[in-house]
There are 2 protein chains.
Amino acid sequence: MRVYNFSAGPAMLPEPVLRTVQEELLDWHGIGSSIIEVSHRGKHFSEVIARAEADLRKLLSIPEDYAVLFLQGGATLQFSAIPMNLLGGGSADYVVTGAWSQKAFAEAQRIAPVLGGRVRLAGSTEESGFTRAPRPEELSLDPNARYVHVCTNETIHGVEWLELEALQASGVPLVADMSSHLLSRPIDVRRFGLIYAGAQKNIGPAGLTLVIVRRDLMASPWEGTPPVLRYDRMAENGSMLNTPPTFAIYVAGLVFQWLESLGGLAAMAQRNEAKARLLYECIDATPFYRNAVEPRWRSWMNVPFRLADESLNETFLQQAEAAGLKYLKGHKMVGGMRASIYNAMPLEGVEALAAFLRDFAVRHA
Amino acid sequence: MRVYNFSAGPAMLPEPVLRTVQEELLDWHGIGSSIIEVSHRGKHFSEVIARAEADLRKLLSIPEDYAVLFLQGGATLQFSAIPMNLLGGGSADYVVTGAWSQKAFAEAQRIAPVLGGRVRLAGSTEESGFTRAPRPEELSLDPNARYVHVCTNETIHGVEWLELEALQASGVPLVADMSSHLLSRPIDVRRFGLIYAGAQKNIGPAGLTLVIVRRDLMASPWEGTPPVLRYDRMAENGSMLNTPPTFAIYVAGLVFQWLESLGGLAAMAQRNEAKARLLYECIDATPFYRNAVEPRWRSWMNVPFRLADESLNETFLQQAEAAGLKYLKGHKMVGGMRASIYNAMPLEGVEALAAFLRDFAVRHA
């Protein structure tokens, strides 16, 4: 029996996608081999990756002047690769709104001098405990920066923000880590210079990283950049300068088809908003639970919360698991609980969690 | 119906492994989730990666003073990462015996000046058309080199060599790209400073790279090395500085168990030698076919061959495919045909190919 899996990532995948993978695993479309057993340059996998790219372009309305890259190494490797490709001996601005943008900034600080460039902290909400997006007046932006880096959904702190107008006033390209909410709702790709995401939340299995990058920004990578980290080389070679992670790309392609079959990202946004509202209403309904994020910036994807009486944490997790509600333990950095409710989490899973939350609060009040 | 798949990689996987993956795909060991849907830091995946490492250590008798790393980016990213981690401002020797060691050397030449070091060509068999290993007198080795790099099985040219004594006389650590023959036979890990391999031949799905490295060699990475490319950081973090490619590691672990169940690498060597002998005898039995590699250095894994009358190439490939013998077209760099007969290729597949070769030669002589 399948459980409701609230893991932050690697995370729940759509069951119809897993069933297709299962059916096709030994013999993909009658070719007598698994799709993971054939050459990435052969006609079968070429079809898979071409369709995956086309479907992703359709889902996100990605303009032709953006390249779509299927890479390896996770968002963490992009923390290094982004300055290698885009810094060009100049300066970049970083906005810190939680643990992941903080990590991206730390790596940029480390690597920038090696690249002959520099980075600036253009704003931080650390004093608030990472419970909100920065206010426009808190930002100190360099109009000559090569790019401004943000994380638009902080997986650990549960802060989501897409009101980025203040960052875009000067026309500096915006680079966004969207690892934990890409494909959860429509976005306007044209507002960004580069979007990146580890796949293991809303896209597919771990081991794949998506990069969507405006082509003119790829032109001047640092000379020491390893070839497979260069966006220009990967774009020229259809993400196949070397063997790509074929299984992860195949599954991501099936996820894209599944999203389209449900009505695309506008439909997903409705579903995700409804799921999130249900859960936050349940948390706010009693002082037994608490989510510290300012309501306006609460993530639809990652819902951290705490019990008022933390001595009940272990009991809570045990009883939740017994009820088929798994992996609710919060990240060790912040403690408490976290429910990650990505695209693949059905409304029924969130309803079951909400019912459990109410029941647990009554029984332990 | 499953076909005999002679793809050079991504390549045929053992059918019992694929069947296990298929059975467990929606519910791994009764946890109610797929193993690819759970946190890499949770107890389930921790068990998977720990067992995979333990089984690999047992198969290859890897000593404790070697780290085993499960990485991303393919052997191609290692072409950059190896000098980043090991060059240390010094010099390294490269021996070129085919397309892959040539690529490794080209990338080392490119990146060494960035790292403040240099590389030397310590020997090449290019003049022979890459049809043999270098003779000891053809090697020009620097006793002060930080390492000597070799590719012990050239996937495109079909040259395999493990008689490396001449390279080891000076005690310089040997770095070996074993992408296309690791796990095909026993090797003495102690003779190497570092062994690396893309998984998509004998190990598992694409998207995983194994690195086995003597711990003392990891001590002085170049300061600019991205954290996820640093062997020391990855070793300290059990290959989980960030999210690893969990599906590929899980499948590799099943492949390790399958190898152990068949008797380990000594048993695989017997099987692989028998398969290779059968195929080379068939090729040598008639001037209709030709393999150019000196018999002593012929690969057990990758068997390139040509038809004397190359106008028959398309007919050959079509009839082979109709007989369920697929992906025999040679690499575009060398043309002709290539049969890759990794661990997962059963003897019956090679027998079927040999029968087809004999029959085709008779019909078209």
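**Exercise 1. Symmetry**

What rotation and what shift along its axis superpose chain A on chain B?

*Solution.* Keep in mind as you work that this is a predicted model. Start with the operation itself: chain A lands on chain B after a rotation of 180° with 0.0 Å of shift along the axis, at an RMSD of 0.0 Å. That is the relation of a two-fold axis. Next, look for the part of chain A beside this axis: the C-alpha nearest to it belongs to Gln22(A), at 2.6 Å. Finally, check the surfaces: 98% of the interface residues of chain A are interface residues in chain B too, so the copies meet through the same surface.

**Exercise 2. The interface of the two chains**

Describe the contact between chain A and chain B by its extent, its polar pairs and its elements.

*Solution.* Begin with the residues: chain A brings 60 and chain B brings 59. Together the chains bury about 4,700 Å², and carbon and sulfur atoms give 58% of that area.

Now turn to the charged and polar pairs. The rule finds two salt bridges across this interface. One between Glu37(A) and Arg2(B) has an N to O distance of 2.6 Å, which fits the cut-off of 4 Å. Residue pairs in polar contact number 27 between the chains.

Then assign the elements. On the side of chain A that touches chain B, α1 (15-24), α3 (74-86), α4 (99-111) and α7 (246-261) each give two or more residues. Of these, α1(A) gives the most, with six residues. By class, that side holds 28 nonpolar, 22 polar and ten charged residues.

**Exercise 3. Two domains within chain A**

Work out how domain 1 and domain 2 of chain A meet.

*Solution.* First fix the bounds: the assignment for chain A gives domain 1 (23-261) and domain 2 (263-364). Their C-alpha centres lie 27 Å apart.

Second, size up the contact. Here 28 residues of domain 1 touch 25 residues of domain 2, and about 2,300 Å² is buried between them, 59% of it on carbon and sulfur atoms. On the domain 1 side, Thr131(A), Ile156(A) and Glu160(A) lose the most area, together 22% of what that side buries.

Third, list the polar links. Three salt bridges cross this interface. Arg296(A) and Glu163(A) form a salt bridge, with their closest N and O atoms 2.5 Å apart. There are 14 residue pairs in polar contact between the domains.

Last, find the elements: α2 (43-60), β7 (159-160) and α7 of chain A each give two or more residues to the domain 1 side. The largest share, four residues, comes from α7(A).

Technical notes
Residues are numbered from 1 along each chain as its sequence is written. Chains are lettered from A and ligands numbered from 1 in the order in which they are written. This is a predicted model: local features need pLDDT of at least 70, side-chain atom pairs count only at pLDDT 80 or more; totals for chains, interfaces and linings use all residues. Side-chain values use heavy atoms; hydrogens and water are left out. Contact means heavy atoms within 4.5 Å. Buried area is the accessible area (1.4 Å probe) that two parts lose on being put together, summed over both. A salt bridge is a side-chain nitrogen of Lys or Arg within 4 Å of a carboxyl oxygen of Asp or Glu. A polar contact is a pair of N or O atoms within 3.5 Å; within protein, one must be able to donate a hydrogen and the other to accept it, and residues adjacent in sequence count only if both atoms are side-chain atoms. Ala, Val, Leu, Ile, Met, Phe, Trp, Tyr, Cys and Pro count as nonpolar, Asp, Glu, Lys and Arg as charged, and the others, Gly among them, as polar. Copies are superposed by least squares on the C-alpha atoms of residues with pLDDT of at least 70 in both. Domain bounds come from an automatic or database domain assignment.
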